[in-house]
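Here is a set of short exercises to work through with the model open beside you. Try each task before you read its solution.

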Amino acid sequence: MKSLPVCPHCSTVFRYRDIRKLFFAKGCICYGCREQFRVSRKKVYLLFLASALIAAALDAVELFFMKKTSFAFLMSTNIAVLLTAVIISPYFIEFKKQ
Ligand SMILES: [Zn+2]
């Protein structure tokens, strides 16, 4: 299990909600040591790419194996996969020294 990112200077632990807020920030100041660090989203993009591939693969499996699959069912599995990716995305953020 991945853990939430910590400050690269002092290892202060950031809460899930704080990381959500930092998601679109370029840089951030640690509330523990007041040092600046930058927010790396590279792995979050990989996560979303992977989840899009998983969603597409699930669609293919559903279309192939289920005789009566509906558009709504396909969409709900896609949304479930993407929602899971959104929920776990803070675990894929990294804090790096500037
Ligand atoms: Zn710190």
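## Exercise 1: Arg34 and its loop

Arg34 is exposed, with 9 other C-beta atoms within 10 Å. This is a predicted model, and we begin with that one residue.

**Task.** Find where Arg34 sits and what sign its phi angle has.

**Solution.**
- Step 1: locate the residue. Arg34 is in the loop between β1 and β2.
- Step 2: look at that loop as part of a hairpin. The hairpin of β1 and β2 has six residues between its strands.
- Step 3: read the backbone angle. Phi of Arg34 is positive, near 65 degrees, and the residue is not a glycine.
- Step 4: check the class given above. A residue with 12 or fewer other C-beta atoms within 10 Å is called exposed, so the 9 around Arg34 put it in that class.

## Exercise 2: A second positive phi

**Task.** Turn to Ser11: which segment holds it, and is it buried or exposed?

**Solution.**
- Step 1: place it. Ser11 belongs to the segment before α1.
- Step 2: read phi. The angle is positive, about 65 degrees, although Ser11 is not a glycine.
- Step 3: count neighbours. Ser11 has 10 C-beta neighbours inside 10 Å and therefore counts as exposed.

## Exercise 3: Build the sheet

**Task.** Work out the order in which the strands form the sheet, and which of them are edge strands.

**Solution.**
- Step 1: pair β1 with β2. Strand β2 covers residues 36-40, and the two strands pair in the antiparallel sense over three bridges. Gly27 has Arg38 as its bridge partner in β2, while Ile29 is partnered there by Gln36.
- Step 2: pair β2 with β3. These strands are also antiparallel, with four bridges. The partner of Arg38 in β3 is Lys96. Arg38 therefore has bridge partners in both neighbouring strands, Gly27 on one hand and Lys96 on the other.
- Step 3: put the order together. The three strands make an open antiparallel sheet, β1-β2-β3. The edges are β1 and β3 (94-97), each of which pairs on one side only.
- Step 4: add the twist. From one strand to the next it averages 40 degrees.

A reminder for reading the pairs: strands of a sheet are joined through backbone hydrogen bonds.

## Exercise 4: Helix α2 and Leu58

**Task.** How far does α2 reach from its first C-alpha to its last, and which residues does Leu58 touch beyond its neighbours in sequence?

**Solution.**
- Step 1: take the length. The 24 residues of α2 span 35 Å, close to the 34 Å expected at 1.5 Å a residue.
- Step 2: ask how much of the helix is covered. Two of its 24 residues are buried, so α2 lies largely in the open.
- Step 3: zoom in on Leu58, which lies in α2. Leu58 counts as partly exposed, because 15 C-beta neighbours fall inside 10 Å.
- Step 4: list the contacts. Leaving aside residues up to four places away in sequence, Leu58 touches Thr77 and Val81.

## Exercise 5: Distances from Lys21

**Task.** Find the C-alpha separation of Lys21 from Pro90 and from Leu58.

**Solution.**
- Step 1: place Lys21 in helix α1, residues 16-22. Lys21 is exposed, with 11 other C-beta atoms within 10 Å.
- Step 2: go to Pro90. The two residues are 69 apart along the chain, and their C-alpha atoms are separated by 9.9 Å.
- Step 3: go to Leu58. Here the separation along the chain is 37 residues and the C-alpha distance is 31 Å.

## Exercise 6: The whole chain

**Task.** In what order do the elements run, and why is the chain described as more spread out than a compact globule?

**Solution.**
- Step 1: count the elements. There are three helices and three strands, running α-β-β-α-α-β from the N terminus.
- Step 2: compare the radii. The radius of gyration is 18 Å, well over the 13 Å that the globule rule gives for 98 residues, so the chain is more spread out than a compact globule.
- Step 3: look at the outline. The C-alpha atoms fill a box of roughly 60 × 25 × 20 Å along the principal axes.
- Step 4: add burial. Buried residues make up 8% of the 98.
- Step 5: check confidence. Mean pLDDT is 92, with 99% of residues at 70 or more. Among the elements, β1 (residues 27-29) has the lowest mean, 88, and α2 (residues 42-65) the highest, 95.

Note on methods: Residues are numbered from 1 along each chain as its sequence is written. This is a predicted model: local features need pLDDT of at least 70, side-chain atom pairs count only at pLDDT 80 or more; totals for chains, interfaces and linings use all residues. pLDDT is the predictor's confidence in each residue, from 0 to 100. The radius of gyration is taken over C-alpha atoms; the globule rule is 2.2 Å times the number of residues to the power 0.38. A residue is buried if 20 or more other C-beta atoms lie within 10 Å of its own, exposed if 12 or fewer, and partly exposed in between; C-beta atoms are placed from the backbone. Axes are lines fitted to C-alpha atoms, for helices over the stretch in contact, and angles run from 0 to 180 degrees between N-to-C directions. The expected span of a helix is 1.5 Å times one less than its number of residues. Two residues are in contact if their C-beta atoms, placed from the backbone, lie within 7 Å.
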